[in-house]
Amino acid sequence: MVVGQVVTAEPGTWTGKSPISFSYRWLRCNSAGGECQSIPGGTSRSYRVASDDIGRKLRFNTTARNSLGSVTVISTESAVVTEPLP
């Protein structure tokens with residue numbers, strides 16, 4: 001994963017009472033994939049990897065909502081972000 005790359009969250013497969021809506025929160029984590037913090041403005045399904053992400057891993061939360069409530073799950077971690085080759 002390199003700076004400038006656009007990554008897209010895949011919500012996976014959910015079952016439950018329709019309609020189900022999804023929201024996303026991108027997270028910047030340490031190089032081990034832990035100690036994650038929300039990325040300011042990172043609430044779209046897609047995220048452009050930034051220079052602040054170098055040396056870190058990215059994850060995202062997906063929240064599924066319907067008329068009965070909501071559930072949030074966290075993604076697996078990405079590879080460590082690097083600078084693009086010159």
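Me: Why is R45 called partly exposed?
Reply: Its relative accessible area is 36%, and the class takes in whatever lies between buried (under 20%) and exposed (over 50%), as judged with a 1.4 Å probe and protein chains only. R45 is therefore neither buried nor exposed but partly exposed. The model is a predicted one, in which local features need pLDDT of at least 70 and side-chain atom pairs count only at pLDDT 80 or more, whereas totals for chains, interfaces and linings use all residues. Residues are numbered from 1 along each chain as its sequence is written, and side-chain values use heavy atoms, with hydrogens and water left out.

Me: What makes the contact between R45 and E10 a salt bridge?
Reply: The term asks for a side-chain nitrogen of Lys or Arg within 4 Å of a carboxyl oxygen of Asp or Glu. The N to O distance for R45 and E10 is 2.9 Å, so the pair meets the criterion. This pair links distant parts of the chain, with R45 in the loop between β3 (37-38) and β4 (46-48), E10 in the loop between β1 (6-8) and β2 (21-29), and 35 residues separating them. E10, at 55% relative accessibility, counts as exposed.

Me: How do you know that R28 and D53 are joined by a salt bridge, and which parts of the chain does the pair link?
Reply: Their side chains meet at 2.5 Å, N to O, which satisfies the distance condition of the term. R28 belongs to strand β2 and D53 to the loop between β4 and β5 (57-66), 25 residues apart.

Me: Are R28 and D53 buried or exposed, and why?
Reply: R28 has a relative accessible area of 17% and D53 has one of 0%; both values fall under the limit for burial, so both residues are called buried.

Me: What makes K57 and E77 a salt bridge, and how are the two residues classed by accessibility?
Reply: The closest N and O atoms of K57 and E77 are 2.7 Å apart, a distance that the criterion accepts. K57 lies in strand β5 and E77 in the segment after β6 (69-74), so the salt bridge ties together parts that are 20 residues apart in sequence. K57 is buried at 14% relative accessible area, whereas E77 is partly exposed at 35%. A search of the whole structure finds three salt bridges.

Me: How many helices and strands does the protein have, and by what rule?
Reply: The protein has zero helices and six strands, both being DSSP runs numbered from the N terminus, with at least four residues of H or I for a helix and at least two of E for a strand. From the N terminus on, the elements read β-β-β-β-β-β.

Me: Why is β5 described as largely enclosed?
Reply: Eight of its ten residues are buried, so the rest of the structure largely encloses β5. For the protein of 86 residues, the buried share is 29%.

Me: How do you know that β5 pairs with β2 and with β6?
Reply: Pairing requires at least two bridges found by DSSP between two strands. Nine bridges join β2 to β5 and six join β5 to β6, so both pairs qualify. The β2 and β5 strands run antiparallel, with Y24 opposite T62 in β5. The β5 and β6 strands also run antiparallel, with N61 opposite I74 in β6, and they form a hairpin with two residues between them.

Me: Why does the pairing of β2 and β3 count?
Reply: These strands pair in the antiparallel sense over two bridges, which reaches the required minimum. In this pairing, R28 stands opposite Q37 in β3.

Me: What makes β3 and β6 edge strands of the sheet?
Reply: The open sheet of four strands has the order β3-β2-β5-β6, with antiparallel pairing. β3 and β6 each have a single partner strand, so one side of each is left without a neighbour in the sheet.

Me: Why is P40 called exposed, and where does P40 lie?
Reply: P40 sits in the loop between β3 and β4, and its relative accessible area of 72% passes the limit for exposure, so P40 is called exposed. P40 and V3, which are 37 residues apart in sequence, are 17 Å apart in space, C-alpha to C-alpha.
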